[in-house]
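Trainee: Please choose a single part of this model and take me through it closely, together with its surroundings. I would like the cut-offs spelled out as you go.

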Amino acid sequence: MDERAYTPDEVAQIFQISKHTVYELIKRGELQAFKIGNKMRIEHIDLERYKESMKAPAKKSADAPNVISMPAVPIRLSGSHDFL
């Protein structure tokens, strides 16, 4: 198990993004971090968790039909000057 903790600068280099983007991810709660004194650190497991959460969903197979589901509640339309 990797116990390494990264600085925001190191995370920025790993993901090839700016350090400010890393701080924004932490601020929004998308990337977990902890503080030691005034220094932020991100654990390796949290980096892996973030990467997994950002993966694109798998493509649907071409064999699967495109089914449009209807809402359970009927849709009611009305207008002020409409002949509905």
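Mentor: Let's look closely at helix H2, whose buried residues pack against helix H1 (8-15), strand E3 (39-43) and helix H3. Contact here means heavy atoms within 4.5 Å, and buried means under 20% relative accessible area, with exposed over 50% and partly exposed in between (1.4 Å probe, protein chains only). Helices (H or I, at least four residues) and strands (E, at least two) are DSSP runs, numbered from the N terminus. This is a predicted model, so local features need pLDDT of at least 70 and side-chain atom pairs count only at pLDDT 80 or more, while totals for chains, interfaces and linings use all residues. Residues are numbered from 1 along each chain as its sequence is written, and side-chain values use heavy atoms, with hydrogens and water left out.

H2 spans residues 19-28, and its buried residues are Val-22, Leu-25 and Ile-26. They sit on the same side of H2 because they cover an arc of only 100 degrees around the axis (the arc is that of the directions from the helix axis to the C-beta atoms). His-20 and Lys-27, on the other side of H2, are exposed. Just after the helix comes Gly-29, which takes a positive phi of about 85 degrees.

Now to the core around that buried side. The largest nonpolar core has 11 residues: Tyr-6, Val-11, Ala-12, Val-22, Leu-25, Ile-26, Leu-31, Met-40, Ile-42, Leu-47 and Tyr-50. H1, H2, E3 and H3 each supply at least two residues of this core, and H2 gives the largest share, 3 residues. A nonpolar core is a set of buried Ala, Val, Leu, Ile, Met, Phe, Trp, Tyr and Cys residues joined through side-chain atoms within 4.5 Å. As background, nonpolar side chains tend to be buried together in soluble globular proteins.

One of the H2 residues leads us on to H3. Leaving aside its neighbours within four places in sequence, Tyr-50 is in contact with Phe-15, Leu-25, Glu-30 and Leu-31. Tyr-50 is buried because its relative accessible area is 12%, whereas Phe-15, at 23%, is partly exposed. Rings of Phe, Tyr and Trp (its six-membered ring) pair if their centres lie within 6.5 Å; planes under 30 degrees apart count as stacked, over 60 as edge-to-face and the rest as tilted. By this rule the count comes to 1 aromatic pair. Phe-15 and Tyr-50 form that pair, and it is tilted, with 5.9 Å centre to centre and 55 degrees between the planes. Phe-15 lies in helix H1 and Tyr-50 in helix H3, so the pair ties together parts that are 35 residues apart in sequence.

Arg-49 also belongs to H3, which covers residues 44-53. Its relative accessible area of 48% makes Arg-49 partly exposed. The C-alpha atoms of Arg-49 and Gln-32 are separated by 9.2 Å, with the two residues 17 apart along the chain.

That leaves the strand side of H2. Along E3 the side chains alternate: Met-40 and Ile-42 point to one face and are buried, while Lys-39, Arg-41 and Glu-43 point to the other and are not. E3 is in the middle of an open sheet of 3 strands, ordered E1-E3-E2 with antiparallel pairing. Strand E1 (5-6) and strand E2 (34-36) stand at the edges with a single partner strand each, so one side of each is left without a neighbour in the sheet. Two strands pair if DSSP finds at least two bridges between them; E1 is joined to E3 by 2 bridges, and E2 to E3 by 3. Ala-5 has Glu-43 of E3 as its bridge partner. On the E2 side, Lys-35 is the bridge partner of Met-40, and Ile-36 that of Lys-39. The hairpin of E2 and E3 has 2 residues between the strands, and there Gly-37 takes a positive phi near 65 degrees.

Stepping back, the protein has 3 helices and 3 strands, which follow the pattern β-α-α-β-β-α along the sequence. Of its 84 residues, 15% are buried. Among the contacts with a separation of 6 or more, 43% are between residues 24 or more positions apart.
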